[in-house]
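Subject: Handover of a structure and of the findings on it

Dear colleague,

Please find below the structure that I am handing over to you. My findings follow directly after it.

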Amino acid sequence: MSIGTQLDQQRRLSEPHRIDQAGPDSAVSTNVLTNRLQRTGVQLMGLDEDETPPGRMASAMAIAVAADTLSAHLHFENSDVDGVRKGLGRAEAALIEVLQNIHDLRVAIGDAEEEPDE
């Protein structure tokens, strides 16, 4: 990538975004799309952190994994490396939650042993 292209990308990403700049290839549309996907998923699952069954929580976190992975991909298409890293970090954290809640569900039905506290 040439220095001119890099400077143009940095300028484009650092400029304040107006509503008329939101389009299929903008950083604003990427954030709006992924936030809406996550919010809709959480609302549909009816989550309550203290009382949510592990299967429902795993499903909600899987929605977050999908939205954050899509976010990382869209940031990649826009050459926004920092956005890719943030999206992947959120996706990885949500994926860990999915796996933990799947294990908790297996424990609840007797297919797995509860992990001892370290």
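Serine 71 touches three residues that are not among its sequence neighbours up to four places away: Thr30, Thr34 and Arg90. This model is a predicted one. Serine 71 belongs to helix α3, and its relative accessibility is 1%, so it counts as buried.

Aspartate 68 is also placed in helix α3. With a relative accessible area of 4%, against a limit of 20% for buried residues, aspartate 68 is buried. Once neighbours within four places in sequence are set aside, the contacts of aspartate 68 are Gln38, Gly87, Arg90 and Ala91. For glycine 87, the C-alpha atom lies 5.0 Å from that of aspartate 68, although 19 residues separate the two in sequence.

Arg90 appears in the contacts of serine 71 and in those of aspartate 68. Between arginine 90 and aspartate 68 there is a salt bridge, with 3.2 Å between the closest N and O atoms. This pair connects distant parts of the chain, since arginine 90 is in helix α4 and aspartate 68 in helix α3, 22 residues apart. The two partners also differ in their exposure class: aspartate 68 is buried at 4% relative accessibility, while arginine 90, at 39%, counts as partly exposed.

How many salt bridges does the count come to? The count comes to three, and the bridge between arginine 90 and aspartate 68 is one of them. The others are as follows.

- Lysine 86 pairs with aspartate 82, and the closest N and O atoms are 3.3 Å apart. Both residues lie in helix α4, four residues apart, which is about one turn of the helix. Lysine 86 has a relative accessible area of 49% and is therefore partly exposed; aspartate 82, at 43%, is likewise counted as partly exposed.
- Aspartate 111 pairs with arginine 106, with 3.7 Å between the closest N and O atoms. Aspartate 111 counts as exposed because its relative accessibility is 53% and the class begins over 50%. Arginine 106, with a relative accessible area of 44%, is partly exposed.

I turn next to the two helices that the bridge between arginine 90 and aspartate 68 joins. Two packed helices are described by the angle between their axes and by the distance between those axes. Helix α3 covers residues 54-77 and helix α4 covers residues 81-109; their axes come within 8 Å and cross at roughly 160°. Angles over 145 degrees count as roughly antiparallel, and α3 and α4 are therefore roughly antiparallel to each other. Their crossing is left-handed. Sorted by class, the residues in the contact of α3 with α4 are 17 nonpolar, seven polar and four charged.

Which residue in the loop between α3 and α4 should be noted? Serine 79 is placed in that loop. Its phi is near 60°, a positive value in a residue other than glycine. Serine 79 has a relative accessibility of 31% and so counts as partly exposed.

Beyond helix α4, one residue of the final segment may be mentioned. Glutamate 115 is found in the segment after α4, and its relative accessible area of 55% makes it exposed. The C-alpha atoms of glutamate 115 and aspartate 104 are separated by 9.4 Å, and the two residues are eleven apart along the chain.

Finally, some totals for the chain as a whole. The chain contains four helices and zero strands, and its pattern along the sequence reads α-α-α-α. Of its 118 residues, 25% are buried; serine 71 and aspartate 68 are examples described above. Among contacts with a separation of 6 or more, 53% are between residues 24 or more positions apart.

With kind regards

Methods
Residues are numbered from 1 along each chain as its sequence is written. This is a predicted model: local features need pLDDT of at least 70, side-chain atom pairs count only at pLDDT 80 or more; totals for chains, interfaces and linings use all residues. Side-chain values use heavy atoms; hydrogens and water are left out. Axes are lines fitted to C-alpha atoms, for helices over the stretch in contact, and angles run from 0 to 180 degrees between N-to-C directions. Angles under 35 degrees count as roughly parallel, over 145 as roughly antiparallel, 65 to 115 as roughly perpendicular and the rest as oblique. A crossing is left-handed if the near helix is turned anticlockwise from the far one by less than a right angle, and right-handed if clockwise. Ala, Val, Leu, Ile, Met, Phe, Trp, Tyr, Cys and Pro count as nonpolar, Asp, Glu, Lys and Arg as charged, and the others, Gly among them, as polar. Buried means under 20% relative accessible area, exposed over 50%, partly exposed in between (1.4 Å probe, protein chains only). Contact means heavy atoms within 4.5 Å. A salt bridge is a side-chain nitrogen of Lys or Arg within 4 Å of a carboxyl oxygen of Asp or Glu.
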